[in-house]
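I sat down with this one and a fresh page of the notebook. My plan was to look up the charges and the cysteines and jot down what turned up.

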Amino acid sequence: MTKDDCFQLGKITKTHGVQGEVVFFLDADSPELYETMDSVLIEIKGDLVPYFIESISVNRNRGIVALEGVETIEEAQKLVNCDLYLPLDNLDELEEGQFYFHDIVGYQVRDEKLGDLGTVRTIYSVPPQDLIAMDYRGKEILIPINDELTPSADKEQKILHVRLPEGLVDVYLNEPSARTGKDTDEDDEENALDED
């Protein structure tokens with residue numbers, strides 16, 4: 001099984017205790033749905049390796065997990081920072097217009113006022129807000145993911161429809177003005193000293 005057949009569920013962030021347990025970060029809106037999973041694919045050196053789950057306890061987006069065959073803290077430590085995957089057929093079918101984050105990478109971003117802007121390069125999952133990273137005029141633009149700003153995706157045409165707040169794109173395009181070496185306040189002070 002390859003990554004193309006899977007979606008990224010999250011990441012192993014650290015060890016837990018000394019019996020080989022690890023902590024999963026579950027990048028999901030409803031992480032409690034994964035409390036019954038019996039196996040997971042862990043990316044190790046580019047390969048997806050299946051692991052059976054002996055126990056899992058989920059609290060918000062964190063899960064304390066015992067993996068079959070991982071009995072010591074040393075074995076668990078080797079898995080820290082590895083990404084977690086599940087087969088795509090584990091995903092629930094979405095209603096029309098809804099999307100999973102992994103689906104929209106490469107989609108054209110189309111704003112209802114500005115038109116076509118760029119393509120989705122990646123998704124950043126950073127608490128408390130997931131962000132779409134889009135390339136536009138050589139700059140990275142970050143768009144918060146929520147029902148108001150990112151209402152729908154057209155899977156057939158690979159278009160993500162957005163409603164960007166006025167001025168959001170300009171914030172990224174307008175660089176701070178280049179300084180000539182001194183602040184105007186410093187210049188004013190020097191001029192005042194010259195007058196003395």
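Here are my entries on salt bridges, a charged patch and the cysteines.

**Before starting.** I remind myself that this is a predicted model.

**Salt bridges, the count.** I searched for salt bridges and got seven. I then looked up several of them one by one.

**Lys3 and Glu43.** I found the side chains of Lys3 and Glu43 joined in a salt bridge, at 2.8 Å from N to O. Lys3 sits in the segment before strand S1 (6–16) and Glu43 in strand S3 (residues 39–44), so this pair ties together parts 40 residues apart in sequence. I also checked how covered the partners are: Lys3 is partly exposed, at 39% relative accessible area, while Glu43 is buried, at 15%.

**Asp135 and Arg121.** Next I looked up the salt bridge between Asp135 and Arg121, where the closest N and O atoms are 3.2 Å apart. Asp135 belongs to strand S9 (residues 129–136) and Arg121 to strand S8 (residues 115–126), so the bridge ties together parts that are 14 residues apart in sequence. Asp135 is partly exposed, with a relative accessible area of 36%, and Arg121 counts as partly exposed at 36%.

**Arg163 and Glu148.** For this salt bridge I noted 4.0 Å between the closest N and O atoms. Arg163 lies in the loop between strand S12 (159–162) and helix H2 (168–173), and Glu148 in the loop between strand S10 (139–144) and strand S11 (152–154), so the pair ties together parts 15 residues apart in sequence. Arg163 is partly exposed at 31% relative accessibility, whereas Glu148 is exposed at 53%. I followed this pair further and found Glu112, Glu148 and Arg163 linked in a network of salt bridges.

**A patch of like charge.** Which residues gather in a patch of negative charge on the surface? I wrote down Glu54, Glu68, Glu71, Glu74 and Glu75. I picked out Glu75 for a second look: Glu75 lies in helix H1 (residues 73–77) and is partly exposed, with a relative accessible area of 33%.

**Cysteines.** How many disulfides does a search of the whole structure find? My tally is zero. Are Cys6 and Cys82 buried or exposed? Cys6 is buried at 6% relative accessibility, and Cys82 is buried at 11%.

**One last pair.** I checked Leu91 against Cys6: they are 85 residues apart in sequence, and their C-alpha atoms are 9.5 Å apart in space. Leu91 lies in the loop between strand S6 (83–87) and strand S7 (108–111), and Leu91 is buried, at 16% relative accessible area.

Note on methods:
Residues numbered from 1 in each chain as written. Predicted model: local features only at pLDDT ≥ 70, side-chain atom pairs only at ≥ 80, totals over all residues. Heavy atoms only, no water. Patch = residues over 30% accessible without salt bridge, like charges linked within 9 Å, V, L, I, M, F, W, Y side chains within 5 Å. Areas by Shrake-Rupley, 256 points an atom, 1.4 Å probe, with all protein chains shown as cover. Lys, Arg positive; Asp, Glu negative; His and termini not counted. Charge placed at Lys NZ, Arg CZ, Asp CG, Glu CD. Helix = DSSP H or I, 4+ residues; strand = E, 2+ residues; numbered from the N terminus. Buried < 20%, exposed > 50% of the residue type's maximum accessible area, 1.4 Å probe, protein only. Disulfide = S-S within 2.5 Å.
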